[in-house]
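Colleague: Hi! Could you walk me through this one while I have it open?

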Amino acid sequence: QKSKVRVISSDTKLFRVSKDCKYTSLHVRAMADIRSAKLPSIIVKSKTFEINEIREGSDGNVYLKLKDRPGWVFMYDFDETRSMAPVMSKVLLQEVSGTKQFGHDDLPFDARVVVAYNDPSSGTTLPVEMNDIVVIQEINQQGWCLATGRNDQQGWIPKDYVERMQNVDMTPLLSQNASNGQTNAPRAPTSNAPTADAAEDWTVHKTPEGREYFHNVKTQVTTWDRPACLQQGRSGSSASASTSAFKSPNTGVWQIAYSQGKPYYYNTSTNKTQWTCPPELEGHK
């Protein structure tokens with residue numbers, strides 16, 4: 001079964017391809033679906049781009065609707081060996097913001113070109129286009145920046161033509177899509193019926209709509225169907241195979257899951273996973 005498609009945000013936001021992304025460009029899809037047709041356009045690592053909608057697709061990936069042209073791009077890389085399932089640890093895109101406030105203490109830094117510049121008569125300037133990403137290496141007293149652009153080309157551009165880029169914390173955004181512990185956010189179960197595994201290998205999760213699904217931390221199988229080894233625990237005490245959540249006023253929600261019979265703890269607000277019991281949960285060990 002597929003999860004329900006839902007809109008996460010309808011605000012206009014600025015994004016770039018993540019600096020850690022191994023790809024220099026990403027194909028634009030016709031729809032918010034990894035299997036939809038690839039459009040002729042691409043987004044490249046050397047430019048920023050605007051989006052005006054973020055939605056969770058039926059496959060569990062997060063899709064961004066491009067503002068200046070038709071098409072969608074996806075937030076997470078995918079695993080071709082697992083029915084194109086999103087790999088939540090491989091984030092391809094990064095939200096950014098820009099500021100005109102920068103100085104020598106910030107050097108070097110990534111900057112976004114906000115005004116195109118090209119002076120063919122000068123042999124020391126760098127031609128740039130709107131939304132180009134450059135690295136500012138130096139700022140002189142005359143208000144010019146020494147910048148490195150595509151293909152490591154270097155030259156001077158006016159300081160007023162760029163703004164320093166800052167990464168936006170995407171934890172609040174992505175936490176709406178990821179609600180797992182150590183696994184790859186099993187919010188969109190796509191697997192077949194579960195096999196007969198040990199109860200302690202299974203963790204229990206819920207979608208935003210309140211529907212339960214089950215994830216096996218050993219086999220990485222995710223399913224809507226309750227595993228047979230958990231059936232007996234529905235009316236008894238099968239806490240060893242479930243994930244419990246406790247609200248902490250300072251650190252958010254802690255989830256307790258089990259791996260090989262040993263409990264571990266995951267904070268859905270900070271994405272922190274640890275073996276030691278947090279002080280807030282001492283009474284729930």
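Modeller: Happy to; we can chat about a strand first and then some backbone details. Keep in mind that this is a predicted model.

Colleague: Okay, strand β2: is it mostly covered or not?

Modeller: Strand β2, residues 13-17, is mostly covered, and five of its five residues are buried.

Colleague: Which way do the side chains of β2 point?

Modeller: K13, F15 and V17 point one way, while L14 and R16 point the other way. That fits a general pattern: in a regular strand, side chains alternate between the two faces of the sheet.

Colleague: And which strands is β2 joined to?

Modeller: Four bridges join β2 to β5 (residues 48-56), and these strands run antiparallel. Within β5, I51 is the bridge partner of K13. Another four bridges link β2 with β10 (residues 93-99), again antiparallel. There, V17 has L93 as its bridge partner.

Colleague: New topic! Where is there a cis peptide bond?

Modeller: Look from L107 to P108, where the peptide bond is cis with omega near -20°. P108 sits in the loop between β10 and β11. As background, most peptide bonds are trans, and most residues other than glycine have a negative phi.

Colleague: Speaking of phi, what is the value for N131?

Modeller: N131 has a positive phi of about 75°, although it is not a glycine. You'll find N131 in the loop between β11 and β12.

Colleague: Why does N131 count as partly exposed?

Modeller: Because its relative accessibility is 22%, and buried would mean under 20%.

Colleague: What about N151: buried or exposed?

Modeller: N151 is exposed, with a relative accessible area of 80%. Its phi is positive too, about 55°, and its place is the loop between β13 and β14.

Terms used
Residues numbered from 1 in each chain as written. Predicted model: local features only at pLDDT ≥ 70, side-chain atom pairs only at ≥ 80, totals over all residues. Heavy atoms only, no water. Buried < 20%, exposed > 50% of the residue type's maximum accessible area, 1.4 Å probe, protein only. Helix = DSSP H or I, 4+ residues; strand = E, 2+ residues; numbered from the N terminus. Pairing = 2+ DSSP bridges.
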